[in-house]
Amino acid sequence: MKKVVSKGYIYLVLLFLYAPIFVLIVFSFNESKSRANFTDFTFKWYQELFRDELIMTSLGNTLLVAVLAAVFATVLGTAAALGMKNMKKRARGLCMNLTYMPVINPEIVTGISMMLLFVYISHLFDWELGMITVLIAHITFCVPYVILNVLPKLRQMDQNTYEAALDLGCTPFSAFFKVVVPEIMPGIMAGFLMAFTFSLDDFIITYFTNGSDFQTLPVTIYAMTRKKVNPKINALSTILFLAVLIILIIMNVRQARAMKNKEK
Amino acid sequence: MKNKMTAFPYLIWMAMFIIIPLVLVVYFTFASEDGGFTLDNIVKISQYTPIFIKSINLAIIATLICFVLAYPIAYILSRSTEHYQRTMILLIMLPMWMNFLLRTYGWMTLLENEGLINKFLSIFHIGPFQMINTAGAVVLGMVYNYLPFMILPLYSVMTKIDYSMIEAAQDLGCNPVKVILKVLMPLSLPGIITGVTMVFVPSVSTFIISRMLGGGQNMLIGDLIEQQFIGSTYNPYVGSAMSLILMVIMLIIMGIMSSFDDDEMEGIVI
């Protein structure tokens, strides 16, 4: 009985979490624009979605910024983690405080504070906010996640292996790439993926730093929700949901397989 | 490997794009338009006190609801089989991967006056209820968007709790309420603190949820700040002052939260 109640409760919460998503999916196939009456089945909103140039350009922008921001943040963050590991406790503490700042600060404050700086500089040099400022902002809020993923891996690493490589004739450079990098690779990858997904998903900070011409997908979605009923949003949601679902299933199957192989 | 220099580009980057912008916020807070020192911006904000109080209230309510909903889930999951745990955590995380604008838009569809919930209720001749554009809808949006932020830290702390502690308490005559208050709660405190912060901070500073689900009558701090920076009423002076006050509120709340915790969080405290 107890088990039934507790399982039932979890399913209720899941229903709560998925209800709006299912509604969006169902109504993406609705012929009429109504959000309450399902009249007839259609794919026309999907066709219109792919024909919408603004959405397609913003999708391209989003992917471009996410890739660039994740790569930059990963390089900058990994280098920072390596340096921070060698610092004295006090200096490292200060660096960690700096790292936590964009993580803890409300996003809107991070967004407007960077906007103040960018607007100030743009007045000085007669230049406009756009892709560069969005990219800078994304790198800034992504780097901390790379550091927070790489540092623990560096701590777990056995310092002696690096020295052994040096003793055996490696140059510091090749010792670093042959010994240290493979060891901390899982942390680097995790940091990269976090940076990438956060950049893809970010709305608030982009909204304040993008100027008037450069739009990412979340910014475009926001503009669409401000207008009247727009079933293209439903079609877009359905596609994004399916994409996420497929990626997560693949990741989980691979993870499960890796765990099984380990057990053997 | 004894080189600290590799952290320098990062430190310079953060100084330029985190520290200087925050210094600018402080500067604009106390600057007048001709560049002199003034307290006017802060004084001007006092007229918005009701909005600040409303934001904090709604965020506290949303945080409490999240906590009450999430605590049993985290407990049930931490006591289930490993396979069930993995699947459920995945299912709880999955909606988070979709942009929150889209999910909130989904709620607009559900809550509208001619929306699905009212339509469903009308079958039983109940309603229609005014749900969208109310403070309740804003709280619902906050709970919906941030509930996983409460579940995950609670869950990860509870999987580490030794179940024999609970059994021992029961054997020694604790009733279920006492077990929860005296054993489970103290042991899961770090998770509670993380969860509460992770729900409260985005809730109190949101401007999207209030705009999409609250209509015009449910302005929050976030909406106020956004209005100062985007649109025709560009006023970075008052906007900065509001942001500074928001940050102070946040620091106070987080200070209160961390005072409950004996173990200091690594890194945050020097």
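Helices, as counted here, are DSSP runs of H or I with at least four residues, and strands are runs of E with at least two. On that basis chain B of this predicted model has 13 helices and zero strands. From the N terminus on, its elements run α-α-α-α-α-α-α-α-α-α-α-α-α.

The C-alpha trace of chain B spans about 70 × 70 × 35 Å along its principal axes. Of the 270 residues in chain B, 39% are buried. Among contacts in chain B with a separation of 6 or more, 70% join residues 24 or more positions apart.

For chain A, the mean pLDDT is 90, and 99% of the residues reach 70 or more. Among the elements of chain A, the lowest mean pLDDT, 86, belongs to helix H11 (residues 231-263), while helix H9 (residues 204-209) has the highest, 95.

Helix H8 of chain A covers residues 172-201 and bends by about 55° at Met185(A); a proline, Pro186(A), follows within four residues. The buried residues of H8(A) include Ile184(A) and Gly187(A), and also Ala175(A), Phe192(A) and Leu200(A). Among what covers the buried residues of H8(A) are helix H3 (53-85), helix H6 (131-156) and helix H7 (159-167) of chain A.

UniProt, in an unreviewed entry, places the feature "transmembrane region" at five stretches of chain A: residues 9-29, 63-82, 103-123, 129-151 and 233-253. Two of these spans are set out below.

| Span in chain A | Distance between end C-alpha atoms | Helix | Strand |
|---|---|---|---|
| Residues 129-151 | 33 Å | 91% | 0% |
| Residues 233-253 | 30 Å | 100% | 0% |

The two chains touch: 63 residues of chain B are in contact with 63 residues of chain A. On the side of chain B that touches chain A, helices that each supply at least two residues include H1 (8-29), H3 (49-78) and H13 (236-259) of chain B. H1(B) gives the most to this side, with 14 residues. By class, the side of chain B that touches chain A has 46 nonpolar, 11 polar and six charged residues.

The largest nonpolar core has 131 residues, and those with the most contacts inside it are Ala73(A), Cys142(A), Ile151(B) and Leu154(B). Helix H7 of chain B, residues 135-158, gives the largest share of this core, 17 residues. Leaving out residues up to four places away in sequence, Leu154(B) touches Ala70(B), Tyr71(B), Ala74(B), Ser188(B), Gly191(B), Ile192(B) and Gly195(B).

Terms used: Residues numbered from 1 in each chain as written. Chains lettered and ligands numbered in written order. Predicted model: local features only at pLDDT ≥ 70, side-chain atom pairs only at ≥ 80, totals over all residues. Bend = angle between axes of the 7 residues up to and from the residue. Buried ≥ 20, exposed ≤ 12 C-beta atoms within 10 Å, placed from the backbone. Contact = placed C-beta atoms within 7 Å. UniProt positions renumbered as here; feature names shortened; annotations may be inferred. Nonpolar A, V, L, I, M, F, W, Y, C, P; charged D, E, K, R; others polar. Core = buried A, V, L, I, M, F, W, Y, C linked by C-beta atoms within 7 Å. pLDDT = per-residue confidence, 0-100.
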